[in-house]
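Colleague: I would like to learn how to read a few features off a model. Please take them one at a time, with the general idea before the case.

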Amino acid sequence: LLQFIAGGLAGVTARTVVAPIDRVKILMQTQHVKAATEGQASIKYHSLAQSIRTVIAEEGVRGLWRSNFANVVRVAPYAATQFASYDFFKSSLKIGGKGKSDNSFWESLWQRLLCGGLAGMTASTVTHPLDVIRLRVATEPDIKGISHAFQNILKEGGPINLFRGWVPTVVSLCPFIAVNFTTFDPVSYTHLRAHETPEHLVCRLLLEKKKIII
């Protein structure tokens with residue numbers, strides 16, 4: 001529980017700190033589509049510094065953290081689902097703990113990769129609507145908040161519209177989460193737990209944080 005809370009707080013803090021860069025990144029990535037849709041002759045955002053200045057000039061400093069609340073709200077359920085589903089899939093294959101399997105190293109490696117990939121897919125599926133809402137709030141100045149974005153998305157295409165882009169999201173995240181969990185398990189449970197000191201506890205919490213921040 002302590003690891004989950006610490007990791008969650010670390011994830012929320014990290015997301016909040018990098019929110020301005022994330023907002024600018026999204027604006028720069030989507031401006032070409034918006035310009036083509038609205039018939040604009042040129043793009044607005046050219047570099048990181050120039051984009052930050054433009055956002056501040058048009059929306060104020062708070063504009064740099066637009067959509068951050070939706071992102072922060074996504075962190076907790078994502079982490080909870082990711083950890084719970086990974087443990088579920090791992091216990092189903094009897095990896096580690098009681099009922100430890102006698103599989104070879106390579107078999108165990110592939111099983112952990114599979115469990116990590118399934119955990120990433122599960123967590124991404126559960127929280128994907130929040131990610132869609134976050135992107136909508138970040139890219140459309142007329143959207144007033146999470147509830148407004150949610151209503152607009154439903155009006156445009158119904159509940160299925162909340163899962164637009166699900167396939168590329170899962171395809172990009174699953175390998176990352178699979179390798180993340182597969183790397184974390186041996187390091188955490190064989191070395192760090194064998195030397196349970198405050199310094200090693202901090203290292204394990206940092207590893208937990210890396211799994212949560214997406």
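Colleague: How many disulfides does the count come to?

Modeller: A disulfide is a covalent bond between the sulfur atoms of two cysteines. The rule applied here asks for a pair of cysteine sulfur atoms within 2.5 Å, and by that rule the count is zero. This is a predicted model, in which local features need pLDDT of at least 70, side-chain atom pairs count only at pLDDT 80 or more, and totals for chains, interfaces and linings use all residues. Residues are numbered from 1 along each chain as its sequence is written, and side-chain values use heavy atoms, leaving out hydrogens and water.

Colleague: Are Cys115 and Cys174 buried or exposed?

Modeller: Buried means under 20% relative accessible area, exposed over 50%, and partly exposed in between, with a 1.4 Å probe and protein chains only. Cys115 has a relative accessible area of 1%, so it is buried. Cys174, at 14%, also counts as buried. Of the 214 residues of the protein, 40% are buried.

Colleague: Which helices and strands are there in the protein?

Modeller: Both are DSSP runs numbered from the N terminus: helices are H or I of at least four residues, strands E of at least two. The protein has seven helices and zero strands.

Colleague: What should helix α5 span?

Modeller: The expected span is 1.5 Å times one less than the number of residues. For the twelve residues of α5 (residues 146-157) that gives 16 Å, and the end C-alpha atoms are 17 Å apart, which agrees. Buried residues in α5 are Ala149, Asn152 and Ile153. They lie on the same side of the helix because their arc around the axis is only 100°, taken from the directions from the helix axis to the C-beta atoms. Exposed Ser147 and Lys155 sit on the face turned away from that buried side. Just after α5, Gly158 has a positive phi of about 80°.

Colleague: How many salt bridges does a search of the whole structure find?

Modeller: A salt bridge is a side-chain nitrogen of Lys or Arg within 4 Å of a carboxyl oxygen of Asp or Glu. The search finds eight. One of them joins Asp22 and Arg134, at 2.8 Å from N to O. Asp22 belongs to helix α1 (residues 2-38) and Arg134 to helix α4 (residues 105-139), 112 residues apart. Arg134 also meets Asp131, at 2.9 Å; these two are three residues apart in α4, so about one helical turn separates them.

Colleague: Where is the salt-bridge partner of Glu140?

Modeller: Glu140 pairs with Arg136 at 3.4 Å, N to O. Elsewhere, shared partners join Asp22, Lys25, Arg74, Asp131 and Arg134 into one network of salt bridges.
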